[in-house]
Amino acid sequence: MKKPPMRYLVSSPAGDVPVDAGRLEYPLEADPLKTPYRVYFRAISDFLERGNYHPLINAVNMRLGDDLSLSALHEIIIRTEKHGALYHPASVECLTADKKAKFGLNVAVTESGRSALKKEFDVLQTLHTQYDLPYVPKPFLLDETDSMTFLLEEWFEGFHEFHIAKPAHGKERLKLWEYGKGDRFLSDAQSFEIYRQIAMILALYYDIETCCMIFPWHHAAGDFVARVEDEALIDVRLTTARGYEPFITSHDEDSVPPALAVFYFLLHLSVQIRLDRLDGVGDVVWADEASVDAAFSGFLAGIESKKTFREYFGSHEEFLTLLRSFSIEDLTTAFEPVIAQYEKTKDFPVIAGNVGNHIARLYAILQNSR
C-alpha cells in the first residue's frame, strides 16, 4: 500500500520553516547526547510507520470519530516544536482530503527522559480515567523505537505559551507567544483569568481522598498554555502531567487529615503559580500579587466543585471559616516546609526574598474571603 508522504518543518515565532537539509547533522538543542536532527526525524518517521501505520490510523480515527484507512492519508506533516530538559516535543498533522488530525508528540532520547515519559503516559491515563476533564492531553500511544521513546497525545490547537516579560514601559506583564501572529502583552484582566484557570485546573485534578496533586510543573517550562481571543474568551490547558502524588505524607499508619493536606496544597499552589523566568529563559521572576488573588479564586472554584467536597469540608462557609482560623503566625510556620522544598532550586532566592509579603497577602485574602 502506498505510504503517505511526510513533510518536515520547524516551528518558529514567524511561522513554519522547512527543514534545512544542510543542518540535519546539527544536534538537538538541550540534548546531552547530541542527537542529530536527521536521527530525530528518522526515528519519528519509524515510530509513525510502525505496524504498517495501524496504531497511527487508530489514533486518527479516535481523534476524528471516523473509520479511515491508510489510503485516506494524503500527507503527514512532522513539525519540531521546542526542546526541553526531558523531551523534544513535536507535532504531527495527518491530512486527508478534507480533514486534519493534529497530535502532540513528545520524544525522549535520554534515559531520564524516557523514564519520565513512560511515567507521564501512566499519569495521563490515570487522570483521564479518574476524571472526565479536558484540561490535560489525552494520551493515544506510547512506544519505543531507535533508542527513543514516543508519546502521541492530544494537541491543543490555538493554545500558546505565555511568560512574564518586561515591556518598554511599565511593570512586568504576561506575554502570549502566539506563533505565526507574533507575541503580545496581555491585560491585567486577561492575566488574572489565566492564573485563575490554572489554579482551578489543578484543584479539579486534586484528589481529596488520596491528597494526590499534579506536580511538578513550572511556567518557565511552558507547561500551561492559553488561548486568548479577547477579555471574555480565555481558555487554559496543562500540556504535561509528570507526576501525581501527595505533597505531604504521614510517617505512621495514620493518613494525613484531608483538611491539612488541602491547606498545604493551597500554600504550595500560591507559591508555585508566581514563579516563571523572564521571557521563559531569563532570570527567575515573581508574578505580582494579583496572581495570588486569582489563584485563591480558582482554587475555591475547583475544590468546591468536587463531589466529595461537602463530605470532607462541609459547606462553603465552614470551609472558609477553617481557612480564616489560621493566624499570620500559623501561616508563617505552615509555609516553612513548603519553602524548604525549593531550597536546592534556582527559584529559592526569589521565593526567600518575597515570602514575607507573600504570606501577608495570602493572609489578607483568607481573612477577607466570603
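**Strand 9 and its sheet**

I began with strand 9, residues 173-178, in this predicted model. I looked up how much of strand 9 is covered: 5 of its 6 residues are buried, so I noted the strand as mostly covered, with buried taken as under 20% relative accessible area.

Next I looked up the sheet that holds strand 9. It is an open sheet of 3 strands in the order 8-9-10, and the pairing is antiparallel. Strand 8 (162-165) and strand 10 (182-185) are the edge strands, each pairing on one side only. From one strand to the next, the twist averages 30°.

I then went through the pairs. Strand 8 and strand 9 run antiparallel and are joined by 4 bridges. Strand 9 and strand 10 also pair in the antiparallel sense, over 4 bridges. I asked myself which residue of strand 10 is the bridge partner of Lys-175. I found Phe-185 there. On the strand 8 side, His-163 stands opposite Lys-175. I wrote down Lys-175 as a point where both pairings can be followed, with Phe-185 as one partner and His-163 as the other.

The turn between strand 9 and strand 10 was my last stop here. The hairpin has 3 residues between the strands, and Gly-180 in it takes a positive phi near 90°.

**The sheet of 7 strands**

I moved to an open sheet of 7 strands, where the order is 2-1-3-4-5-7-6 and the pairing is mixed. Which strands stand at the edges of this sheet? I found strand 2 (17-18) and strand 6 (139-145) there. Each of these has a single partner strand, so one side of each is left without a neighbour in the sheet.

For strand 2 I checked the partner. Strand 1 (residues 6-10) runs antiparallel to strand 2, and 2 bridges join them. Within that pair, Leu-9 stands opposite Pro-18 of strand 2.

I then looked up what packs on the sheet. Helix 1 (residues 37-49) does, touching strand 1, strand 3 (75-80), strand 4 (90-95), strand 5 (100-108), strand 6 and strand 7 (148-154). The direction of helix 1 makes about 140° with that of strand 3. Helix 2 (residues 54-64) lies across strand 3, strand 4, strand 5, strand 6 and strand 7. I noted that helix 2 runs at about 130° to strand 5.

**Helix 6 against helix 8**

I looked up how helix 6 (residues 290-304) meets helix 8 (residues 316-324). They pack at an angle of about 135°, and their axes are 12 Å apart. That angle makes helix 6 oblique to helix 8, because angles over 145 degrees would be needed for roughly antiparallel. The crossing of the two helices is right-handed.

I listed the residues in contact. From helix 6 they are Phe-296, Phe-299, Leu-300, Ile-303 and Glu-304, and from helix 8 they are His-316, Phe-319, Leu-320 and Leu-323. By class I entered 7 nonpolar, 1 polar and 1 charged residues for this contact.

**Loops**

I turned to the loop between strand 11 (212-214) and strand 12 (224-228), which holds Ala-221. Pro-216 also has its place in the loop between strand 11 and strand 12. The peptide bond from Phe-215 to Pro-216 is cis, and its omega is near 10°.

Is Ala-221 buried or exposed? Neither label fits: Ala-221 is partly exposed, with a relative accessible area of 35%. I also looked up the separation of Ala-221 and Gly-113. They are 108 residues apart in sequence, and C-alpha to C-alpha they are 15 Å apart in space.

Next came positive phi values in residues other than glycine. Lys-34 has one, near 55°. I located Lys-34 in the loop between strand 2 and helix 1. Its relative accessibility is 56%, so Lys-34 counts as exposed, the cut-off being over 50%.

Asp-279 was my other entry of this kind, with a positive phi near 60°. Asp-279 has its place in the loop between strand 15 (275-277) and strand 16 (284-286). At 34% relative accessibility, Asp-279 counts as partly exposed.

Methods: Residues numbered from 1 in each chain as written. Predicted model: local features only at pLDDT ≥ 70, side-chain atom pairs only at ≥ 80, totals over all residues. Heavy atoms only, no water. Axes fitted to C-alpha atoms, helices over the stretch in contact; angles between N-to-C directions. Parallel < 35°, antiparallel > 145°, perpendicular 65-115°, else oblique. Left-handed = near helix turned anticlockwise from the far one by under 90°. Contact = heavy atoms within 4.5 Å. Nonpolar A, V, L, I, M, F, W, Y, C, P; charged D, E, K, R; others polar. Buried < 20%, exposed > 50% of the residue type's maximum accessible area, 1.4 Å probe, protein only. Pairing = 2+ DSSP bridges.
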